[in-house]
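Student: I have a structure to go through with you. Can we take the labels one at a time and test each against its rule?

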Amino acid sequence: MNPHLSVEAAPDRAGTPDQPPATGPWTHLDIADAPGRFTFALISDRTGIARPGVFERGIAALNLLRPAFAVQLGDLIEGYTDDEGVLAEAWAELDRIVAPLDMPLFLVPGNHDVSDDLARRHWLGRYGRLHHHFRYKDVLFLVLDTQDPPVEQSPEALEALAKMHAYAERDPEGLRRLVEKSVDWEGDQAMARVSEEQTAWAENVIRENADARWTFVLMHQPIWQGEGHPAIHRIRAALGDRPYTMFAGHVHNYKNAVIDGRDHIRLGPTGGLWVKPEGDEGNFDHITLITMEPDGPRIANVTLEGLRDHHGRLLE
């Protein structure tokens, strides 16, 4: 029985071969609270034409569900602008949105966040680094920057992106269809970049943390899709036979690809425009809860449409 649990002793009752003695009105007393057990959360794309209030509901949901910490998988701001003032206000808005969050929030850079050299300078000025790693209870978290370096956009492309918000208000379904046709969302991530320097850094981090009991590789663009980016092949080779799980966002559509027996999970959005590369499947706004058990993670996706607070009210 769990040493932290105390229950009322059951009255003596003789059992029979068909009905052993009762111990109490419970199924068993093996409560799972091993020292290495913890729960963390993932929250996904806010932008790529943010739908107002959805990401805010995700923040409120995290505060209700109380994970130890959360990781956001990129695209916090709309970006894709050469206007310093617009960028500064976008980040100020983001600060206001995440201010109510009770637990630590680790950040993964997305293409909207670091769309060009100007945007990268803003990110680095705020956070100091792009790719990074941390450990918690002997679990390694490896955070990649899949925009290293970012793909520079032409002035014409920036102008078109700036018009997308007006298009979204006028014809959101038309915009969704346009976005779906613009990229092979299920294939190689043509805009993804992972530098040689970052790849070598990731290999070194993996070597230095060979004793980690599990590894989570977190990125914005799912660079395992299609033929896979060369960096992901090297990272998987460095991980070898150790247990790991990979997570990404970017596509705004949920899908789990099991590769070599490991889960490679592409999250749906938390407010970004829905994309339907394969029909309606995988289209939901959610946060993801991961509980680390001694034998590996238990992953649950919590959709935001039905989550209610202690008053029974839908989150706003």
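Student: Which residues line the largest cavity?

Tutor: The model is predicted, so keep that in mind throughout. Lining the largest cavity are Y80, N111, V114, S115, Q147, P149, P150, V151, M191 and Q221.

Student: What makes a space a cavity and not a pocket?

Tutor: A 1.4 Å probe fits in a cavity but cannot get out, whereas a pocket is an open set. With a threshold of 30 Å³ or more, the count comes to one cavity. The largest cavity has a volume of about 50 Å³.

Student: How do the residues of its lining divide into nonpolar, polar and charged?

Tutor: Six are nonpolar, four are polar and no residue is charged. Tyr, Val, Pro and Met count as nonpolar, so Y80, V114, P149, P150, V151 and M191 make up the six.

Student: Now the pockets. How much space lies in the largest pocket?

Tutor: About 820 Å³. It is lined by 34 residues, and the closest to its centre are Y80, N111, H112, L161 and M164. Two or more lining residues come from each of α2 (84-98), α4 (155-170) and α5 (172-182).

Student: Which element gives the most to that lining?

Tutor: α4, with six residues. By class, the lining of the largest pocket holds 19 nonpolar, 13 polar and two charged residues.

Student: And which residues are closest to the centre of the second largest pocket?

Tutor: I49, A50, R51, P52 and G271, out of 25 lining residues. The space there is about 430 Å³. α1 (54-65), α2, α4 and α5 each supply at least two residues of this lining. Its residues divide into 11 nonpolar, five polar and nine charged.

Student: On to the rings. Why is the pair F69 and F106 called edge-to-face?

Tutor: Start with the distance. The centres are 5.5 Å apart, and the limit for a pair is 6.5 Å. Then take the angle. The planes stand at 80 degrees, and over 60 counts as edge-to-face. Both tests pass, so the label holds.

Student: What makes this pair a tie between parts of the chain?

Tutor: F69 lies in the loop between α1 and β2 (70-72), and F106 lies in strand β3 (residues 105-107). The two are 37 residues apart in sequence, so the pair ties those parts together.

Student: How do you know whether F69 and F106 are buried or exposed?

Tutor: Use relative accessible area. F69 has 4%, and buried means under 20%, so F69 is buried. F106 has 26%. That falls between 20% and 50%, so F106 is partly exposed.

Student: Why is W123 with Y127 also called edge-to-face?

Tutor: The centres are 4.8 Å apart and the planes are at 65 degrees. The cut-offs are within 6.5 Å and over 60 degrees, so this pair is edge-to-face. W123 and Y127 both lie in helix α3 (residues 117-127), four residues apart, which is about one turn of the helix. W123 is buried at 1%, while Y127 is partly exposed at 30%.

Student: How many aromatic pairs are there?

Tutor: The count comes to 18. Ring pairs also link residues into a cluster: F38, F40, F69, F106, F134, Y136, F141, F216 and F247.

Student: Last, the sheets. What makes β3 an edge strand?

Tutor: Read the order in the open sheet of five strands: β3-β2-β1-β11-β12, with mixed pairing. β3 and β12 (296-303) each have a single partner strand, so one side of each is left without a neighbour in the sheet. The twist averages 25 degrees from one strand to the next.

Student: How do you know that β2 and β3 pair?

Tutor: Pairing needs at least two bridges. Three bridges join β2 to β3, so they pair. These strands run parallel, and V71 stands opposite F106 in β3.

Student: Which strands are at the edges of the sheet of six?

Tutor: The order is β4-β5-β6-β7-β9-β8, again an open sheet with mixed pairing. β4 (132-136) and β8 (255-259) are the edge strands, each pairing on one side only. Here the twist averages 20 degrees from one strand to the next.

Student: And what makes β6 and β7 a pair?

Tutor: Four bridges join strand β6 (residues 214-218) to strand β7 (residues 244-248). The rule asks for at least two, so they pair. The strands run parallel, and V217 stands opposite M246 in β7.

Note on methods
Residues are numbered from 1 along each chain as its sequence is written. This is a predicted model: local features need pLDDT of at least 70, side-chain atom pairs count only at pLDDT 80 or more; totals for chains, interfaces and linings use all residues. Side-chain values use heavy atoms; hydrogens and water are left out. On a 1 Å grid over the protein atoms alone, a cavity is a set of points where a 1.4 Å probe fits but cannot get out, and a pocket is an open set with protein on both sides within 12 Å along at least five of seven lines; lining residues have an atom within 4 Å of a point. Grid points are joined across faces, edges and corners, and a volume is the space filled by probe spheres set on the points. Rings of Phe, Tyr and Trp (its six-membered ring) pair if their centres lie within 6.5 Å; planes under 30 degrees apart count as stacked, over 60 as edge-to-face and the rest as tilted. Buried means under 20% relative accessible area, exposed over 50%, partly exposed in between (1.4 Å probe, protein chains only). Axes are lines fitted to C-alpha atoms, for helices over the stretch in contact, and angles run from 0 to 180 degrees between N-to-C directions.
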